[in-house]
Amino acid sequence: MALTSWPPSVVPETRTVVRLPVSAIVALAARGMPVRRATSRPWAVTRSTPNTAPGGGRKRTVARVMCTQLESRGRRKTCAELGITPNGPALPATTNCEIERFHPHVLFELLGLRELVMALPDDDVGRALRLCLSSLLVKFMKAGPTAPRDGAAKRIARGVPSRMLADRAAELARGLAALERRTPPGTPAAQIWEGDARELPIEASSAALVISSPPYAGTYDYAAIHDARFLWLGLSETKFRRMQLGARANQVGDVSGDAWRAQQARFMAEIARVLRPGGRALLVVGDGVVDGRAENAPDGIAAAGAPLGLEPIARASQARPLHDRRLATIFAGQPRREHLLLLEKRAR
Ligand SMILES: C[S@@+](CC[C@H](N)C(=O)[O-])C[C@H]1O[C@@H](n2cnc3c(N)ncnc32)[C@H](O)[C@@H]1O
């Protein structure tokens with residue numbers, strides 16, 4: 001399949017040699033790295049030290065590039081097969097910084113996949129593939145606040161990101177097909193809007209059920225969590241930062257209680273507005289930290305819901321491990337929990 005035979009992969013000779021100069025390779029890729037015919041020998045990427053440097057003037061191999069057969073003709077053919085524009089969108093200007101986040105060969109493969117996926121039209125298939133790509137990014141990170149704990153030690157073979165993208169797409173297609181099979185005939189098609197939880201584009205008193213997981217107070221910086229996605233999928237970080245609720249600024253708990261309660265009142269009011277009398281809301285919430293102190297999330301939700309006619313009906317809670325040292329200090333031996341809360345809109 002064309003997806004798996006493209007893009008070129010970089011095989012670093014050794015990790016230490018590659019560390020610094022590889023940014024030069026990424027810069028090459030960003031400008032459209034020359035892609036050669038496959039040879040039995042990988043193409044060496046070299047870097048010369050300046051004549052003036054001690055022991056300078058020598059060429060060093062910093063990486064070896066294995067290329068698939070894609071000269072301009074091959075590239076045009078592949079693009080035609082996939083129905084995409086040969087010149088695709090430009091890589092993000094900040095690609096160089098991504099070398100900190102990914103192993104070089106993984107970065108190259110992901111960049112190639114991105115080029116293919118982003119060149120697809122903004123239709124159902126294009127959006128579904130962008131969704132799949134988005135879900136892969138964090139999985140393959142080696143460093144950074146959102147990287148998996150074992151990210152740096154993980155060995156990722158060439159071709160794994162491509163295979164995983166194809167697997168995710170197949171899984172999504174299977175899931176959607178299964179959902180469609182179980183949906184009774186005549187059910188209206190789902191409508192999806194992207195927006196702000198404080199201003200839902202939904203008529204008042206029209207919803208029977210709201211299912212949501214609103215932000216956890218002062219625990220995460222959601223924008224930082226989505227950092228790579230803004231860059232890779234061309235999304236606006238500024239817009240997201242303006243609307244994100246409950247986010248900590250620098251460290252856990254540096255959210256003021258007043259600000260958080262005002263924000264919470266806004267999204268709770270929106271839930272109450274759209275629910276019809278007798279309608280229910282099912283919320284997953286986590287205990288948070290405001291003004292540097294632990295906050296009991298169910299109490300906060302109950303207090304915000306009471307004046308809106310939202311009555312607590314049932315809850316289930318489960319303690320969560322405290323990996324963050326500051327969180328552990330703030331909770332000081334108390335469990336930090338996540339809760340599933342059921343509320344009902346009082347019938348007037
Ligand atoms: C506790 S998380 C829930 C995550 C969700 N369950 C998921 O799997 O993606 C809260 C989510 O609310 C989002 N969020 C923050 N402010 C928002 C707003 N004003 N409108 C809509 N969503 C917001 C955050 O980006 C975050 O993804």
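# Exercises on a predicted model

By class, six nonpolar, two polar and two charged residues make up the shell around the ligand. The structure is a predicted model, and the exercises below work through parts of it step by step.

## Exercise 1: The ligand shell

Task: Work out which residues surround the ligand and how they divide by class.

Solution: Begin by listing the residues around the ligand, which are Asp196, Ala197, Arg198, Ser213, Pro215, Tyr216, Tyr222, Met243, Gln244 and Leu245. Next, sort them with the rule that Asp and Arg count as charged, while Ala, Pro, Tyr, Met and Leu count as nonpolar and the others as polar. The charged members are therefore Asp196 and Arg198, and the polar ones are Ser213 and Gln244. The remaining class is the nonpolar one, with six residues.

## Exercise 2: The order of the sheet

Task: Find the order in which the four strands of the open sheet lie, and state which of them stand at the edges.

Solution: Start with E4 and E5, which run parallel and are joined by five bridges. Two of the partnerships can be followed by residue, since Ala207 has Leu275 of E5 as its bridge partner, and Ile211 has Leu282 of E5. Then move from E5 to E9, where the pairing is antiparallel and extends over seven bridges; here Arg280 is partnered by Glu344 of E9. The complete order is E4-E5-E9-E8, and the pairing in this sheet is mixed. E4 and E8 each have a single partner strand, so they stand at the edges and one side of each is left without a neighbour in the sheet. On average, and with direction ignored, neighbouring strands of this sheet are turned by 10 degrees against each other.

## Exercise 3: Two helices on the sheet

Task: Describe how H11 and H12 lie on the sheet, and check the length of H11.

Solution: H11 packs on the sheet by touching E4, E5, E8 and E9, and its direction makes about 145 degrees with that of E5. H12 also packs on the sheet, touching E5, E8 and E9, with its direction at about 25 degrees to that of E9.

For the length, take the 18 residues of H11 (residues 257–274), which at 1.5 Å a residue should span 26 Å; the C-alpha atoms at its ends are 26 Å apart, so the two values agree.

Now consider which side of H11 is covered. Its buried residues are Trp260, Gln263, Gln264, Phe267, Met268, Ile271 and Ala272. An α-helix has 3.6 residues a turn, so residues three or four places apart point the same way. The buried residues of H11 pack against E4, E5, E8 and E9, and also against strand E6 (288–290) and helix H12 (297–305).

## Exercise 4: A covered helix

Task: Check the span of helix H5 and find how many of its residues are buried.

Solution: The 15 residues of H5 (residues 104–118) should span 21 Å at 1.5 Å a residue, and the end C-alpha atoms are 21 Å apart, which agrees. Turning to burial, H5 is mostly covered, with 14 of its 15 residues buried.

## Exercise 5: Single residues

Task: Decide whether Ile313, Gly126, Ser205 and Asp291 are exposed or partly exposed, and say where each is placed.

Solution: Ile313 belongs to strand E8, and because 12 C-beta neighbours lie inside 10 Å, it counts as exposed. Leaving out residues up to four places away in sequence, Ile313 touches Leu342, Leu343 and Glu344. The C-alpha atoms of Ile313 and Arg280 are separated by 9.3 Å, although these residues are 33 residues apart along the chain.

Gly126 is placed in helix H6 (residues 124–137), and its 15 C-beta neighbours inside 10 Å make it partly exposed. Beyond its neighbours within four places in sequence, Gly126 is in contact with Leu120 and Pro121.

Ser205 lies in the loop between helix H7 (160–182) and E4, and it counts as partly exposed because it has 14 C-beta neighbours inside 10 Å. Its backbone deserves attention too: Ser205 has a positive phi of about 55 degrees although it is not a glycine.

Asp291 is found in the loop between E6 and strand E7 (293–295), and with 15 other C-beta atoms within 10 Å it is partly exposed. Phi of Asp291 is likewise positive, near 50 degrees, in a residue other than glycine.

Key. Residues numbered from 1 in each chain as written. Predicted model: local features only at pLDDT ≥ 70, side-chain atom pairs only at ≥ 80, totals over all residues. Expected span 1.5 Å × (residues − 1). Buried ≥ 20, exposed ≤ 12 C-beta atoms within 10 Å, placed from the backbone. Contact = placed C-beta atoms within 7 Å. Pairing = 2+ DSSP bridges. Near = placed C-beta within 6 Å. Axes fitted to C-alpha atoms, helices over the stretch in contact; angles between N-to-C directions.
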